[in-house]
Amino acid sequence: MADAGELLAALRASELRLRAAFADAGIGMVLVDTDDLVIEANPAFAAMLGREVAELARMHIHEIIDPEDTPRRLYRELVAGRRDRLRVEKRLKHREGREVWSSVTISLVRDAEGEPFYTLAMFEDITERRRLGDRLAYQALHDPLTRLPNRTLFFERLNAACLPSPQRPGEVEAGRRVGVCYLDLDGFAAINDTLGHHIGDQLLTAVAARLERRFSADEGLLVARLGGDEFAVLVADSEGSEQLTKLAAQVLTVLERPFEVAGHRLAVTASVGVVERPVNGTSPTDLVKDADATLYWSKSDGRARWTLYDRDRGAHQLTRRLLSTALRPALERGEFTVEYQPLVGLADGTVHGAEALVRWRHPRFGTLSPDRFIPLAEESGAIVPLGKWVLEESCRQARGWLAEFPDTEAFVSVNLAARQVWDSDVVADVAQVLERTGLPARLLQLELTESAVLGPGGRPLQALQALADMGVRIAIDDFGTGYSNLAYLSRLPVHALKLDGTFIEGFRDPAPVGRPDLRSRRSEADEQIVGAMVRLAHDLGLTVTAEGIESAAQAERLRLTGCDTAQGWYFARPGEAALVAGILREGRIRPAGADQPRGTDRLPAAEQPAAGHTALRP
């Protein structure tokens with residue numbers, strides 16, 4: 001009996017210790033029967049819920065824990081014995097209605113036969129930790145200045161919009177569409193520079209607030225700040241391009257009213273790029289890339305406007321990038337060639353020289369005229385090595401003409417890009433080329449645009465003077481369209497003027513049949529202007545060349561003004577060096593257009609040998 005009494009006392013002591021541990025535990029603990037009713041709860045658990053311990057007895061567990069959050073599958077595994085305990089994060093219902101997040105560990109207690117007897121659940125309050133996590137997640141997905149969704153969240157939503165529908169996994173519905181309005185503020189950098197970044201930040205906050213008030217309430221729209229002064233409006237389920245363009249117009253209207261920022265009244269405009277297309281066949285990367293390109297078009301078209309993406313224009317931009325990337329390798333592969341167009345004396349029809357015209361024999365796009373690649377070469381800096389190559393190739397060819405026809409003294413005229421003057425030692429380059437090719441300096445003419453010669457800065461003038469001292473001829477191309485500073489012209493080391501093609505336009509107007517005295521007002525004005533420029537040039541000791549001559553009548557009228565030389569399809573089309581050699585061999589040029597009706601000797605738009613299609617200038 002003594003042994004039984006001692007055993008009973010030990011059991012009672014153990015039970016007391018367990019009850020004390022249960023009651024005094026710092027974490028919430030609750031016993032739940034097989035019907036999900038609370039058997040007993042400790043004070044810590046009651047405090048987590050804002051209740052009394054007695055209240056919880058016989059309360060259904062779903063009155064405390066959201067039923068939809070119950071991990072049924074994991075609980076079944078616990079009952080089946082496939083796991084010893086279950087640990088999950090649960091949202092509890094506080095008496096006052098607020099959420100209490102808890103880390104819950106659930107253990108199943110079985111009876112002697114191994115059947116579920118009751119469940120012991122232990123709750124650790126993780127509300128503050130959860131709130132901190134939510135704050136960190138919010139900060140990771142929102143812009144700290146404007147509180148708008150940031151680039152990360154924007155791309156998350158855009159990716160989701162481009163994914164297959166959950167109802168049809170693996171398949172994108174043919175009718176689903178997506179759109180983006182991509183915008184930035186015009187002239188925002190000037191506000192930062194003049195008023196300070198703190199004013200710029202306040203302006204961005206005000207802009208964001210307006211955009212959010214106007215668009216965030218609309219279902220299916222997301223307004224985000226992507227960085228700097230760039231914002232985007234995402235339409236996850238677009239109804240078509242008309243919806244997006246209306247949205248872009250609304251963006252411009254929303255920003256129309258000036259902003260009052262720290263005592264400054266700031267008028268702001270925006271440029272908007274609009275892209276809208278079916279989800280099927282596109283990707284988030286392509287969508288944003290095209291939106292960015294369209295935003296650039298909007299700015300280049302004048303700002304304060306929206307521009308809808310145009311596939312043809314996009315293809316043109318892509319071609320530009322491809323050509324720009326391929327320029328230097330193409331030069332190394334020998335894809336460029338030089339054609340020559342004779343410069344003909346209007347008085348006697350003899351060939352005085354030839355202008356070098358570079359062409360790109362592109363393996364994919366065919367023969368490209370300079371307007372297709374010279375601007376790209378200037379932007380990328382490839383114009384410097386390309387210009388050197390054209391110069392050397394042209395001088396070598398002119399040396400060949402001199403060797404074959406020593407009495408003609410035909411010169412070669414090569415365009416010099418302004419960047420060649422600034423980015424290289426052009427004087428040394430020319431000297432080296434003349435030495436390597438053996439061409440006398442007097443048989444090389446270099447053409448520069450008027451704005452490059454007469455613009456600010458002394459370096460071009462110094463280089464021109466050094467080249468002229470070397471004996472090289474200097475010509476001003478497109479004369480009459482740049483600075484037109486006649487005072488400078490009298491002091492420049494220049495030998496020739498090449499008139500801009502716009503001055504020759506009036507010479508193309510034919511007089512009425514039988515009445516040569518009746519000409520258009522435009523024709524008469526152009527003749528007077530050209531005549532005055534020719535007289536001015538001759539008074540300064542310069543020769544004058546006209547470009548783009550298309551007919552015998554035009555050539556004759558130019559000759560009467562005193563113009564010295566001319567070039568154009570009337571005389572000869574640009575061609576291989578053998579073309580010039582053949583003309584030099586005959587001694588005089590037989591105009592190519594002499595036996596053709598007017599108009600048949602015109603160049604196609606891409607091949608007009610006007611000022612825009614010289615060797616190194618578009």
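Here is a walk through this predicted model, one selection at a time.

**Stop 1: the antiparallel sheet**

Start by selecting E1 to E5. These 5 strands make an open sheet, ordered E2-E1-E5-E4-E3, and the pairing is antiparallel. Look at the two edges: strand E2 (38–41) and strand E3 (85–93) sit there with a single partner strand each, so one side of each has no neighbour in the sheet. Neighbouring strands here are turned by 25° against each other on average, direction ignored.

Now zoom in on E3 and show its side chains. Which residues are on the covered face of E3, and which on the uncovered one? Leu86, Val88, Lys90 and Leu92 make up the covered face, while Arg85, Arg87, Glu89, Arg91 and Lys93 are on the uncovered one. That fits a general pattern: in a regular strand the side chains alternate between the two faces of the sheet.

Follow the chain from E3 into E4. The two form a hairpin with 5 residues between them, and glycine 97 in that turn has a positive phi of about 95°. E3 and E4 run antiparallel and are joined by 9 bridges; for one opposed pair, pick leucine 92 and valine 100 in E4.

On to the E4–E5 pairing: strand E4 (residues 99–110) and strand E5 (residues 116–125) also run antiparallel, with 9 bridges joining them. Select valine 104 and you'll find phenylalanine 123 of E5 opposite. Then add helix H5 (residues 127–141), which lies across E3, E4 and E5 and runs at about 125° to E4.

**Stop 2: the mixed sheet and the helix across it**

Next, select E6, E7, E8, E11 and E12. This is an open sheet of 5 strands in the order E7-E8-E6-E11-E12, and its pairing is mixed. E7 and E12 are the edge strands, each with a single partner, so one side of each is left without a neighbour in the sheet. The twist averages 20° from one strand to the next.

For a look at the pairing, take E6 and E8: they run antiparallel, joined by 6 bridges. Leucine 183 is opposite phenylalanine 231 in E8.

Now bring in helix H9 (residues 241–254). Its 14 residues reach 20 Å from first C-alpha to last, close to the 20 Å expected at 1.5 Å a residue. H9 lies across E6, E7, E8, E11 and E12, at about 165° to E11. Which residues of H9 are buried? They are Leu244, Thr245, Leu247, Ala248, Val251 and Val254. If you recall that an α-helix has 3.6 residues a turn, so residues three or four places apart point the same way, that list is easy to follow. To see what covers the buried residues of H9, show helix H8 (197–215) along with strands including E6 (177–185) and E11 (270–278).

**Stop 3: helix H10**

Select helix H10 (residues 284–300). Its 17 residues should span 24 Å at 1.5 Å a residue, and the end C-alpha atoms are 24 Å apart, which agrees. Among the buried residues of H10 are Leu287, Val288, Ala291, Leu295 and Trp297, but also Asp290, Thr294 and Ser298. The cover over the buried residues of H10 includes helix H6 (151–161), E6, E11, E12 and helix H11 (311–333). Just after H10, click on glycine 302, which takes a positive phi of about 135°.

**Stop 4: the cores**

Time to colour by core. The largest nonpolar core has 84 residues, and Leu444 and Leu446 have the most contacts inside it. Helix H13 (residues 383–404) gives the most to this core, with 9 residues. Apart from it lies another core, of 31 residues, including Leu211, Leu244, Val251 and Val274.

Back in the first of these cores, select leucine 446. Leaving aside neighbours within four places in sequence, leucine 446 is in contact with residues including Leu391, Val414, Leu416, Val430, Leu467 and Ile474.

**Stop 5: strand E18**

Finish on strand E18 (residues 473–479). Of its 7 residues, 6 are buried, so E18 is largely enclosed by the rest of the structure. Strand E17 (residues 444–449) runs parallel to E18, with 5 bridges joining them; try glutamine 445, whose bridge partner in E18 is arginine 473. E18 also pairs in the parallel sense with strand E19 (residues 496–499), over 3 bridges. Your last pair to pick is isoleucine 476 and, opposite, leucine 497 in E19.

Notes
Residues numbered from 1 in each chain as written. Predicted model: local features only at pLDDT ≥ 70, side-chain atom pairs only at ≥ 80, totals over all residues. Heavy atoms only, no water. Helix = DSSP H or I, 4+ residues; strand = E, 2+ residues; numbered from the N terminus. Expected span 1.5 Å × (residues − 1). Buried < 20%, exposed > 50% of the residue type's maximum accessible area, 1.4 Å probe, protein only. Contact = heavy atoms within 4.5 Å. Core = buried A, V, L, I, M, F, W, Y, C linked by side-chain atoms within 4.5 Å. Pairing = 2+ DSSP bridges. Axes fitted to C-alpha atoms, helices over the stretch in contact; angles between N-to-C directions.
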